[in-house]
Amino acid sequence: MAQPLVKKDDDRDDEAEFSPFLGIEKGAVLQEARVFNDPQLDARRCSQVITKLLYLLNQGETFTKTEATEVFFSVTKLFQSRDIALRRMVYLMIKELSPSADEVIIVTSSLMKDMNSKTDMYRANAIRVLCRITDGTLLTQIERYLKQAIVDKNPIVASAALVSGIHLLQTNPEIVKRWSNEVQETVQSRAALVQFHALALLHQIRQSDRLAVSKLVTSLTRGTVRSPLAQCLLICFTSQVIRESNMNNQTGDRPFYDYLEGCLRHKAEMVIFEAARAITELSGVTSRELTPAITVLQLFLSSSKPVLRFAAVRTLNKVAMTHPMAITNCNIDMESLISDQNRSIATLAITTLLKTGNESSVDRLMKQITNFMSDIADEFKIVVVDAIRSLCLKFPLKYRSLMNFLSNILREEGGFDYKKAIVDSIVILIRDIPDAKESGLLHLCEFIEDCEFTYLSTQILHFLGIEGPKTSDPSKYIRYIYNRVILENATVRASAVSTLAKFGAMVDSLKPRIFVLLRRCLFDSDDEVRDRATLYLSMLGGDGAIVETDKDVKDFLFGSLNVPLVNLETSLKNYVQEPSEELFDIDSVPKEVKSQPLAAEKKAPGKKPAGLGAAPAAPTSTVDAYEKLISSIPEFSSFGKLSKSSTPVELTEAETEYAVNVVKHIFDGHVVFQYNCTNTIPEQLLENVSVIVDASDAEEFSEVSSKPLRSLPYDSPGQTFVVFEKPDGVPAVGKFSNMLKFVVKEVDPATGEAEEDGVEDEYQLEDLEVVAADYMVKLGVSNFRNAWESMGPHFERVDEYGLGPRESLAEAVSSVINLLGMQPCEGTEVVPTNSRSHTCLLSGVFMSSAKVLVRLSFGIDGPKAVAMKLSVRSEDESISDAIHDIVSSG
Amino acid sequence: MAWSFYWNNHDTCPTIKSILVLDSEGKRIAVKYYSDDWPTNSAKSAFEKSVFTKTQKTNARSEAEIAMFDNNIVVYKFIQDLHFFVTGGDDENEIIMATVLQGFVDAVSLLLRNNVDKMEALENLDLILLCLDEIVDGGMVLETDGSIIAGKVSSHSMDDASPLAEQTISQALATAREHLTRSLLR
């Protein structure tokens, strides 16, 4: 948009003169819509008015409820006209208005008439409209016609019915599932698109039936599939079948691989690509299997079509993460893509090269990238920075040139996210490559001399405070830090003061000089800065003689907060809302890290743990709700503080009459089982619901009381509780068998009233176990290495275990994590595919007070057998031993 | 969009999230969203704006171009002062999306008799909207062949059931116009 502003305005005026919708106004168009009511319909004019209405809706105009109803009713009058063009617009309009249920009835008969019309176009469109606006009851009326339509000889009609079926399956699955014979028949259709739609619907109907899907794939991969779209779909289903069958047979040839490979020679590009992508995504793919897929993707790289180049380079980029060696052949094609017009392609090419490059090519690559960096957008630069970070971790010897590159781009212009990515990368390099520490810290120091982002400045200052004092010459950082006190805003000044204090605490020789600087801060204009300076001066003994800094002070300065910030925030809010005489007690804050919802994870795929040690933010969830629920029941108030609530454990199979799950609430001397019951039978009302628990396999537990549920109507969940006593502070384990006991009363579905007399009945539930992991509270630490070192080796217990043959390393890792019930740190729960060894870091709090850190080293030992080294650090010998007991008995 | 909440189930089926036709300033000509990712008009406008600004400097005239941002894949093509976009999630098969775009552009060119520009598009907005309706239904690809789509949109022939005598003058005129259009299209 390089045109001068005035010129643009002229253009707009010119264009506006010709627009058929110039000066269009909702009120006027709604007036015009009265022509729909004329006894002598003018079809063309009506079409035009509908177009105008659709234009308004498309531009984001909204109709009020009355306006929409009025338009809808007058539009329905247009079914009188036999003009096809107008009828098409009427269909569109009805879909756009999405009428309410009572309005739908008005058009149903007209649409049903069209559904049985001789004109194919009417039939197809009427089906799509009717299915879009219909509800379950109406659907049963038209089901017969839809089944006919599916097998209609006209492909447009068949497709319309099939696609509508795909949508309806979401709302009325039980009806659509009855059509599977018709759909099955249509899968053999000669019309290409009909086959595609039938295949999609059939697969969705049978999705949960693994065997049926497998059969479908087997028969179709041998038969003829006409359209490329259907072929792509079949490839998808095939790889799904491969994924699932993999779990059963580990040895031998991969089933269906030949089919996928055959698709690489298909004539449609979309099929070739889909097959190539499917092959690269096979789990545990071998390089022999990969080669043909890589070859076709390499051909795409030099295609004249940007879409093909993009598709290929994106897929190869993913392959590079797991099999860098497999795609080195593509490097030459890839390098020519660095100058591709399309920046998305160029960025993907660069990052792929960074992943596959070897040590000797690093310098050459960096030169090429430097030219490239200046003319791409920030979001692409971030991708490149991430790739460079992983390259540096791969080739630590090359840190000098890579660190230089990072510091150069740090000096250039850029937005916050970009700068943050660079700073994070430098921080991670400093942490992981000891040689890079000093130069990296100096780069960061220079950066904060001229940094416009308060957040980054404070984060860097915090990091300097931890790492700086451990370097060979800590004094050289002081100047940069003190400059912040002179030059920056209050927030940065305050963190600079804290950083100075850390240097003072750690380096005795610097203490006198630090005191001088801190005393100057006592005259700062900002309260927080002055407060911090005063606090640190008195803690470090700066007001008098030079004393040895004791452990408590160091803990205060460097120790991490042992509760998640979110929990602290909620507790503080509650405290402020209900003022009391008591002081706020930090021990009352729950320590459990709340599980993050999946959505948040999906948003940041593959993101490394944040570089600057911020505790992972955890949204509040059900745990809070449990806490409220439990504390609201007076019987439980004497048990003390709730230390942990487990996730619900299902005690019934899905889709049984009564759905029950249990939540285990752990207190110091008690365990409360909360049974969440749901009655899924509309004709029944349950009363006096309780759970009879047999604890004969749980010797250390004895039942204290139970709290039955008075009534459990259909589909409104209720809870019943059973309380057990256990020895104080002992991680007692045991197995409990459960029986649901209740009084059933028949309910008349018409009136909803229950009969007077009920029958006693019982319902067997599955067993429930209390395991050691139930006493473990997940608590993440922001920097595992720091936490590990500060815990010290006094109570470290190390032992080795053979885990026997396992399906995969990842499976072994996750089962040990689940066994211990601890919080994985720094993303170490993820095992890269095909790796032969893995280290996993865990942290947690045992028996509500003892902090525990665990380092697990896994290795594959012989054929499929996994060996594990378990190192535990805690503040108490018996706790460390207890953790080992969990593993050896699990 | 009463039923587009089923996105999560669609892990295997190729799914289109939106088709956009914007003018050379990024203003809406015709848009169709098949997904709930953009629930409000302002969310839609913001999405269109970012799609437009991120692609406007590229040359997508001879071949369809492609871009990826915020977990969306956007394939696009420019003709005269019109910008055509097809968007989908980031695990879609790009080539299928490009095929849909090509089908759409072909159908529009046929229907507008190769005069593909903003004026012509606005004057025949009904055809464009019908085209959008015939190419994708609730995210599912209905048809990808441009000439078939154009054929479906322009088949304005009279209902076979109604005898010619019952037609009004305007209906007869419309029929004549249709026959003309169709002969031009062939």
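## Exercises on rings and a cavity

H7(A) gives the most to the lining of the largest cavity, with four residues. The model is predicted. The exercises begin with this cavity and then turn to aromatic rings.

**Exercise 1. Describe the largest cavity: how much space lies in it, and which residues line it?**

Step 1. Start with the count. There is one cavity of 30 Å³ or more.

Step 2. Take the volume. About 40 Å³ of space lies in the largest cavity.

Step 3. List the lining. From chain A come Met121(A), Ala124(A), Asn125(A), Arg128(A), Ile156(A), Ser159(A) and Ala160(A). Glu134(B), Leu142(B) and Lys152(B) complete the lining.

Step 4. Find the elements. Helix H7 (120-133) and helix H9 (155-171) of chain A each give two or more residues to this lining.

Step 5. Sort by class. The lining has five nonpolar, two polar and three charged residues.

**Exercise 2. Classify the aromatic pair of Phe416(A) and Phe453(A), and place both residues in the chain.**

Step 1. Set the scene. Over all chains, the structure holds 19 aromatic pairs.

Step 2. Read the geometry. The rings of Phe416(A) and Phe453(A) are 5.4 Å apart, centre to centre, with 65 degrees between the planes. Planes over 60 degrees apart count as edge-to-face, so this pair is edge-to-face.

Step 3. Locate the partners. Phe416(A) is in helix H24 (residues 416-432) of chain A. Phe453(A) is in the loop between helix H25 (437-449) and helix H26 (454-467). The two are 37 residues apart, and the pair links distant parts of the chain.

Step 4. Check exposure. Phe416(A) has a relative accessible area of 30% and is partly exposed. Phe453(A), at 18%, is buried, because buried means under 20%.

**Exercise 3. Classify the pair of Tyr76(B) and Phe78(B): are its residues buried or exposed?**

Step 1. Read the geometry. The centres lie 5.5 Å apart and the planes make 35 degrees, so the pair is tilted.

Step 2. Check exposure. Tyr76(B) is buried, at 1% relative accessible area. Phe78(B) is also buried, at 3% relative accessibility.

**Exercise 4. Which residues form one aromatic cluster, and which charged residues lie over the face of a ring?**

Step 1. Name the cluster. Phe673(A), Tyr675(A), Phe701(A), Phe724(A) and Phe736(A) form it.

Step 2. Turn to chain A for a charge over a ring. Arg479(A) lies over the face of Tyr480(A), at 4.6 Å from the ring centre.

Step 3. Turn to chain B. Lys44(B) lies over the face of Tyr33(B), 5.4 Å from the ring centre.

How values were computed:
Residues numbered from 1 in each chain as written. Chains lettered and ligands numbered in written order. Predicted model: local features only at pLDDT ≥ 70, side-chain atom pairs only at ≥ 80, totals over all residues. Heavy atoms only, no water. Phe/Tyr/Trp six-rings, centres within 6.5 Å; stacked < 30°, edge-to-face > 60°. Buried < 20%, exposed > 50% of the residue type's maximum accessible area, 1.4 Å probe, protein only. Lys NZ or Arg CZ within 6 Å of the ring centre and 35° of its normal. 1 Å grid on protein atoms, 1.4 Å probe; cavity = no way out; pocket = protein on both sides within 12 Å on 5 of 7 lines; lining within 4 Å. Points joined across faces, edges and corners; volume = space filled by probe spheres on them. Nonpolar A, V, L, I, M, F, W, Y, C, P; charged D, E, K, R; others polar.
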